[in-house]
Amino acid sequence: MAIIMVILLGFVGLCFITTALLRWNELKYRKKGLPPGTMGWPVFGETTEFLKLGPNFMKNQRARYGSFFKSHILGCPTVVSMDPELNRYILMSEAKGLVPGYPQSMLDILGKCNIAAVHGSTHKYMRGALLSLISPTMIRHQILPKIDEFVRSHLSDWDDQVIDIQEKTKEMAFLSALKQIAGAESTTLAKEFMPEFFKLVLGTLSLPIDLPGTNYRNGLEARKNIVGTLRKLIEERRDSQGNEQDMLGCLMSEENKYKLNDEEIIDLIITLLYSGYETVSTTSMVAVKYLRDHPRALEELRREHVEIRAQKGRDEPIYWEDYKSMKFTRAVICEASRLATIVNGVLRKTTKDMEINGYVIPKGWRIYVYTREVNYDSGLFPDPLTFNPWRWMDRSLETHPHFLIFGGGTRQCPGKELGIAEISTFLHYFVTRYRWDEVGGDKLVKFPRVEAPNGFRIRVSSLLI
């Protein structure tokens, strides 16, 4: 009997402490003028529910509090906006007191000079330096030939193999970017660089708890190792006084009008690797899946690329004019990105107390512009759960103000065209060389990242045209 009483008292005590902590955290953030919502636990907030339930967490909160509500996720008090018009206003309001507000883990791991972390004149300067590397002119004359050469080699030995297309597209995105950045040295860098980079990526979306074994600690250590490797490479290039024709060579050139110090160069390189890696690899993977599931779309895509190849010699690369003619390919990429929702939203931070949507958002709070639901809006995308690339053949849809897959406002993704060019090149060689089937049993999850936790295996065989 005594044991039962102890257990009951312990249970009651635990319930009391739990209730008190939740109540204390709610009172802490109960300021006049804030939007409705809940704040969860001290320190952790509602991060666990957010990461576990993802879109369902957002839908449940919207059902209770409307399309503009408060929460506490990824270590920060946050207001979530799910209203398309309000989202557009927020993204256009950087000059009015809103700046990028990415999680602390991402800022710590990607670096304080990362283009997503800076704002104002610094952002304008860093963005200019980045665009000088990946402008349409640079893609046409320097980057596309390197992408073509790399992708042809990367896909050369897939015949009669069972491959994990998730791993292959990750390798493709990372190694291709590294080749564009470091040129001849990329081959020797890749072996030590790649595992560190993958740990860095995992750390950017984690709670900033610096304890051994956490993704955050692993990400910080990976960044330290990557910075050391890049700093050594920069020093070696200065000593050799070479004139390498790659992105790092361009950033270090005396002729470059954007004069960056070593720290800025390193953070810009990490930005280039990070920003393109996930979108290129994941979009390529889901495009392969959706095309396999929709034979009519695959047939149309293959027809487009077979016509391009018919005008070329066996080993002749694709050129800028070929890329620009890939209308249906671009439609496939946009539709795969929309349906899988590679990007769920963007974060902003208030630099002062701001009135938005009739509420007062305190200085230092994050605003999560949640754009996922727009991708499934039947008013914008009829039959939204169906993979239908033909809807994108009208290019006006790509510029619709509510379509924010590639960002919005002054922060539209500067690497959009480069990413589409790389995925287009991959699809060109993949669909003209191979046919494929899923091995089966592998599942995709779509939150917080689109991924196949156990890999996504396909059986590949040569295509005889």
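# Exercises on a predicted protein model

The protein chain has 16 helices and 10 strands. The coordinates come from a predicted model.

## Exercise 1: the chain as a whole

Task: State what share of the 465 residues counts as buried, and which atoms supply 55% of the exposed area.

Solution.
1. Of the 465 residues in the protein chain, 51% count as buried.
2. The chain exposes about 22,000 Å², and carbon and sulfur atoms supply 55% of that area.
3. For contacts with a separation of 6 or more, 71% are between residues 24 or more positions apart.

## Exercise 2: strand E1 and its partner

Task: Determine how many residues of strand E1 (residues 68-73) are buried, and how E1 and strand E2 (residues 76-81) run relative to each other.

Solution.
1. Take the side chains by direction: Phe68, Lys70 and His72 point one way from E1, while Phe69, Ser71 and Ile73 point the other way.
2. Both groups are buried.
3. Six of the six residues are therefore buried, so E1 is largely enclosed by the rest of the structure.
4. E1 and E2 run antiparallel and are joined by six bridges. Phe68 stands opposite Ser81 of E2.
5. The two strands form a hairpin with two residues between them. In the turn, Leu74 has a positive phi of about 50°.

## Exercise 3: the sheet with E4, E10 and E9

Task: Give the order of the three strands in this open sheet, and say which strands stand at the edges.

Solution.
1. The order is E4-E10-E9, and the pairing is antiparallel.
2. Strand E4 (161-164) and strand E9 (434-438) each have a single partner strand, so one side of each lacks a neighbour in the sheet; these are the edge strands.
3. On average, neighbouring strands here are turned by 35° against each other, direction ignored.
4. Between E4 and strand E10 (residues 457-462) there are four bridges, and the two run antiparallel. Val162 has Arg459 in E10 as its bridge partner.
5. Helix H16 lies across E9 and E10 and runs at about 90° to E9.

## Exercise 4: two buried residues in helices

Task: Find which side chain of opposite charge is nearest to Glu422, and which residues Ser284 is in contact with beyond its sequence neighbours.

Solution.
1. Glu422 belongs to helix H16 (residues 416-433).
2. Glu422 is buried but has no salt bridge. A salt bridge would need a Lys or Arg side-chain nitrogen within 4 Å of a carboxyl oxygen, whereas the nearest side chain of opposite charge, Lys179, is 12 Å away.
3. Beyond four places in sequence, Glu422 is in contact with Ile147, Met172, Ala173, Ser176, Gln180 and Val280.
4. Ser284 belongs to helix H12 (residues 262-293). Its relative accessibility is 0%, so Ser284 counts as buried.
5. With neighbours within four places left out, Ser284 is in contact with Thr169, Met172, Ile423 and Phe426.
6. Met172 is thus listed among the contacts of Glu422 and among those of Ser284.

## Exercise 5: a loop residue

Task: Locate Lys352 and decide whether Lys352 counts as buried, partly exposed or exposed.

Solution.
1. Lys352 sits in the loop between strand E5 (345-350) and strand E6 (354-356).
2. Its relative accessibility is 45%, so Lys352 counts as partly exposed.
3. Residues that Lys352 touches, apart from those up to four places away in sequence, are Lys96, Gly97, Ile361, Pro362 and Lys363.
4. Lys363 is 11 residues from Lys352 along the chain, and their C-alpha atoms are separated by 4.2 Å.

Note on methods
Residues numbered from 1 in each chain as written. Predicted model: local features only at pLDDT ≥ 70, side-chain atom pairs only at ≥ 80, totals over all residues. Heavy atoms only, no water. Buried < 20%, exposed > 50% of the residue type's maximum accessible area, 1.4 Å probe, protein only. Contact = heavy atoms within 4.5 Å. Areas by Shrake-Rupley, 256 points an atom, 1.4 Å probe, with all protein chains shown as cover. Pairing = 2+ DSSP bridges. Lys, Arg positive; Asp, Glu negative; His and termini not counted. Axes fitted to C-alpha atoms, helices over the stretch in contact; angles between N-to-C directions.
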